[in-house]
Amino acid sequence: MAKSKVLVVGGTGYIGRRIVKASLAQGHETYVLQRPEIGLDIEKVQMLLSFKKQGARLVEASFSDHRSLVDAVRQVDVVICTMSGVHFRSHNVLVQLKLVEAIKDAGNVKRFLPSEFGMDPARMGHALEPGRVTFDEKMTVRKAIEESKIPFTYVSANCFAGYFAGNLAQMGTLLPPKDKVLIYGDGNVKVVYMDEDDVATYTIKTIDDLRTLNKTVYLRPPENVLSQRELIEKWEKLTGRQLDKSSLSEQDFLSSMKGLDYASQVGVGHFYHIFYEGCLTNFETGQDAEEASQLYPEVNYTRMDEYLKIYA
Ligand SMILES: NC(=O)c1ccc[n+]([C@@H]2O[C@H](COP(=O)([O-])OP(=O)(O)OC[C@H]3O[C@@H](n4cnc5c(N)ncnc54)[C@H](OP(=O)(O)O)[C@@H]3O)[C@@H](O)[C@H]2O)c1
C-alpha cells in the first residue's frame, strides 16, 4: 500500500516540528502548512525552510481564508493538527474548528488527527475549573469531527517528558531541582512519561493503520509507567545524590491554586488529576482504543533514565 500524504498543521510548534520530522523519516510525502500570519517570525520561517530542505513541501494557507485551507487539505490523505494548547504558552484549540470545516468541504481526507497529545479529554468530564477548559475544548473539536463523519485517530500521549520528567514533576520549572523535591501525596501514583520524539514516531505509525481508525491510541509503554518516586529514584541513581523530599497533601496542593494567575491555575488542575488522582493510569484502555507499544513493538522507546541523562 502506498504511504499516505500527510499535511502537518502547526508544524513549527513544540510537538508539530517532531511530527514533521517523524513523517519524513517514515517515508511519507510530507506537507507543512505555512501561514502568512507568521510574518517576520524568523524562527518559524527558518524552521519551515529547513523542513523544505529535508524534503517537505510548504503549503500556503490561512485560517482566515477557508478556500486556502480547503485547497491545502485537498492535496493530502492525512491531516495532523498540532495547534497550540498549553496555557502558559499559547492555546488556540478551538481554531481547529475552521480546519474541521475545511476537511469536511474538501471531502478527500482519509484520516484526521486533531491536536490532542495529552490526557484523554473524554475521561476528564469531572475535571476541575479552570483547567477543564483544555478538555472541554478538545471535546468540542471531537464533536465537530464526528458529526462531520471525518475519519479520525485521537492520540493520547500522556506526559511529555520535557514538561514533566526533566523537572521531576515540579511546577514552575523545566529543570531538575538541586536540593529539595516536592512529592505529590505519597508519590506512588502511576504516571506515563513520553519522549516527545517517540510521541511523534507513534503518531505517524497510526495514520495508515486500520487498527487505529476512529479510535483513541494511548501511548503507555510499560517501562515508562512510573510513579513520581520511581522517577526521582532514577534521577538520584544517575546523579549519585539524594534529594530532600517533602510530601504535599492533596488539600494543600489544591489550595495553592488561590491567588495564582489563570495559566498557573490551569496547570495546578492538570497536575492534580495526573499526580493525585492518577487519571493517566486509573483505567484499562478498553473498547475503541489501542495501546501504541502493543501495536508497534518495533519502536524502541526512550526510557526515562536515558531521557534524564541530558539534565545530569
Ligand atoms: N502531553 C503533554 O505533556 C503536552 C505538553 C504540551 C502540549 N501538549 C498538547 O500538544 C498540542 C500542541 O501543543 P504545543 O505545545 O506543541 O503547541 P505550540 O508549540 O504552542 O503551538 C503549535 C502551533 O500552533 C499554531 N498556532 C498557534 N496559534 C495559532 C493561531 N491563532 N492560528 C493558527 N495556528 C496557530 C502554530 O502553528 P504554525 O507552525 O503554523 O505557526 C504553532 O506552531 C496541544 O494539544 C497541547 O495540549 C501536550
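Let me begin at strand β1, where both faces are covered: Val6 and Val8 are buried on one side, and Leu7 and Val9 are buried on the other. In a regular strand, side chains point alternately to one face of the sheet and then to the other. I should say at once that this is a predicted model.

Which strand does β1 pair with over three bridges? That partner is β2, residues 30-34, and the two strands, β1 being residues 6-9, run in the parallel sense. Within β2, the residue opposite Leu7 is Tyr31.

These two strands belong to an open sheet of five, ordered β3-β2-β1-β4-β7, with parallel pairing. At its edges are β3, residues 57-60, and β7, residues 111-113, each of which pairs on one side only. On average, and ignoring direction, neighbouring strands in this sheet are turned by 25 degrees against each other.

I turn next to helix α1, residues 16-25. How many of its 10 residues are buried? The number is eight, and the helix is described accordingly as mostly covered. The buried residues in α1 are Gly16, Arg17, Arg18, Ile19, Val20, Lys21, Ala22 and Ser23. Two arginines and a lysine are thus found in that buried set. What covers the buried residues of α1? The cover includes strands β1 and β2, helix α2 (42-53), strand β4 (78-81) and helix α7. Just after α1, Gly27 adopts a positive phi of about 80 degrees.

Helix α7, named a moment ago as part of that cover, spans residues 196-206 and is itself mostly covered, with nine of its 11 residues buried. The buried residues in α7 are Glu196, Asp198, Val199, Ala200, Thr201, Tyr202, Thr203, Ile204 and Thr206.

Now to a loop. Pro121 lies between β7 and α5, the latter being residues 132-147. Is Pro121 buried or exposed? Pro121 is buried, because 23 other C-beta atoms lie within 10 Å, and the threshold for that class is 20 or more. Leaving aside residues up to four places away in sequence, Pro121 touches Phe135, Lys138 and Met139. Pro121 and Glu137 are 16 residues apart in sequence, and their C-alpha atoms are 8.8 Å apart in space.

Let me move to the ligand. Which residues come nearest among the 29 around it? They are Thr12, Gly13, Ser84, Gly85 and Phe160. The elements giving two or more residues to this shell are β5 (85-86) and β9 (159-160). Sorted by class, the shell holds 13 nonpolar, 12 polar and four charged residues.

Finally, the chain as a whole. The chain has 12 helices and 15 strands. Its radius of gyration is 20 Å, close to the 20 Å that the globule rule gives for 312 residues, so the chain is as compact as a globular protein of that length. The C-alpha trace spans about 55 × 45 × 35 Å along its principal axes. Of the 312 residues, 41% count as buried. Among contacts with a separation of 6 or more, 80% come from residues 24 or more positions apart.

To close, I return to the starting point: strand β1, with both faces covered, is among the elements that cover the buried residues of α1.

Terms used
Residues are numbered from 1 along each chain as its sequence is written. This is a predicted model: local features need pLDDT of at least 70, side-chain atom pairs count only at pLDDT 80 or more; totals for chains, interfaces and linings use all residues. Helices (H or I, at least four residues) and strands (E, at least two) are DSSP runs, numbered from the N terminus. The radius of gyration is taken over C-alpha atoms; the globule rule is 2.2 Å times the number of residues to the power 0.38. A residue is buried if 20 or more other C-beta atoms lie within 10 Å of its own, exposed if 12 or fewer, and partly exposed in between; C-beta atoms are placed from the backbone. Two residues are in contact if their C-beta atoms, placed from the backbone, lie within 7 Å. A residue is near a molecule or strand if its C-beta atom, placed from the backbone, lies within 6 Å of it. Ala, Val, Leu, Ile, Met, Phe, Trp, Tyr, Cys and Pro count as nonpolar, Asp, Glu, Lys and Arg as charged, and the others, Gly among them, as polar. Two strands pair if DSSP finds at least two bridges between them. Axes are lines fitted to C-alpha atoms, for helices over the stretch in contact, and angles run from 0 to 180 degrees between N-to-C directions.
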